[in-house]
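I sat down with this model and kept notes as I went. Here is what I looked up, in the order I got to it.

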Amino acid sequence: MRLFNIEMKIRVMKVFKDLVFHSTGNGGVNSRMDFTNGFSISVIAGDLAYSTPRENNHNPDFFSKFEVAVFAPDGEFTREFFPEDHDDDVLGWQERGQINALMLLIQSEK
């Protein structure tokens, strides 16, 4: 009888629902998640962010759209995962599904 030692590595991808939001000092909410490949994402909402609504609240469920920034492993802003014609360091008014897609894309980067 021959036995095989099979090592399975399951990679669990993080999505919007895995973000942990905190109240900001200015009345909105924010979350930052670091990925194993060194990239990280920041998701914020509130009266100073490109979010819907653009008002303060401490509950992320209050918002339907968020402002997103992505940071490279060196800690600097990166637009690597944004549309080519996007000329700002943040993406405004992103829905949960769009953030999910962005998070999966970032995590697929080696």
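**Entry 1: an odd backbone spot.** I started with Trp93, which I found in strand 5 (residues 90–94). For the record, helices (H or I, at least four residues) and strands (E, at least two) are DSSP runs, numbered from the N terminus. Trp93 is not a glycine, yet its phi is positive, at about 50°. Buried or exposed, or in between? Trp93 counts as partly exposed because its relative accessibility is 40%. My cut-offs: buried is under 20% relative accessible area, exposed is over 50%, and partly exposed lies in between (1.4 Å probe, protein chains only).

**Entry 2: ground rules.** This is a predicted model, so I note that local features need pLDDT of at least 70, side-chain atom pairs count only at pLDDT 80 or more, and totals for chains, interfaces and linings use all residues. Residues are numbered from 1 along each chain as its sequence is written, and side-chain values use heavy atoms, with hydrogens and water left out.

**Entry 3: the whole chain.** I counted one helix and five strands, running β-β-β-β-β-α from the N terminus on. The C-alpha trace spans about 65 × 30 × 25 Å along its principal axes. The radius of gyration is 17 Å, whereas a compact globule of 110 residues would have one near 13 Å. That radius is taken over C-alpha atoms, and the globule rule is 2.2 Å times the number of residues to the power 0.38. Of the 110 residues, 37% are buried.

**Entry 4: the core.** Which residues have the most contacts inside the largest nonpolar core? I wrote down Ile41, Val43, Phe66, Ile99, Leu102 and Ile106, in a core of 22 residues. The term covers buried Ala, Val, Leu, Ile, Met, Phe, Trp, Tyr and Cys residues joined through side-chain atoms within 4.5 Å. Strand 2 (29–34), strand 3 (40–45), strand 4 (66–71) and helix 1 (96–108) each give two or more residues to this core. Helix 1 has the largest share, with four residues. I then looked at Ile99, which touches Phe16, Ile41, Val43, Phe66, Val68 and Gln94. Residues up to four places away in sequence are not counted there, and contact means heavy atoms within 4.5 Å.

**Entry 5: strand 3 and its neighbours.** Why do I call strand 3 largely enclosed by the rest of the structure? Five of its six residues are buried, so the label fits. Strand 3 pairs with strand 2 in the antiparallel sense over six bridges, and with strand 4, also antiparallel, over five bridges. Two strands pair if DSSP finds at least two bridges between them. On the strand 2 side, Val29 has Ala45 as its bridge partner in strand 3. The hairpin of strand 2 and strand 3 has five residues between the strands, and Gly38 there takes a positive phi near 100°.

**Entry 6: Ser42.** I picked this serine in strand 3 for a closer look. Ser42 counts as buried because its relative accessibility is 17%. In strand 4, Ala69 stands opposite Ser42. Leaving out residues up to four places away in sequence, Ser42 touches Ser31, Arg32, Glu67, Val68, Ala69 and Phe71.

**Entry 7: a cis bond.** Where is Pro53? I found Pro53 in the loop between strand 3 and strand 4. The peptide bond joining Thr52 and Pro53 is cis, with omega about -5°.
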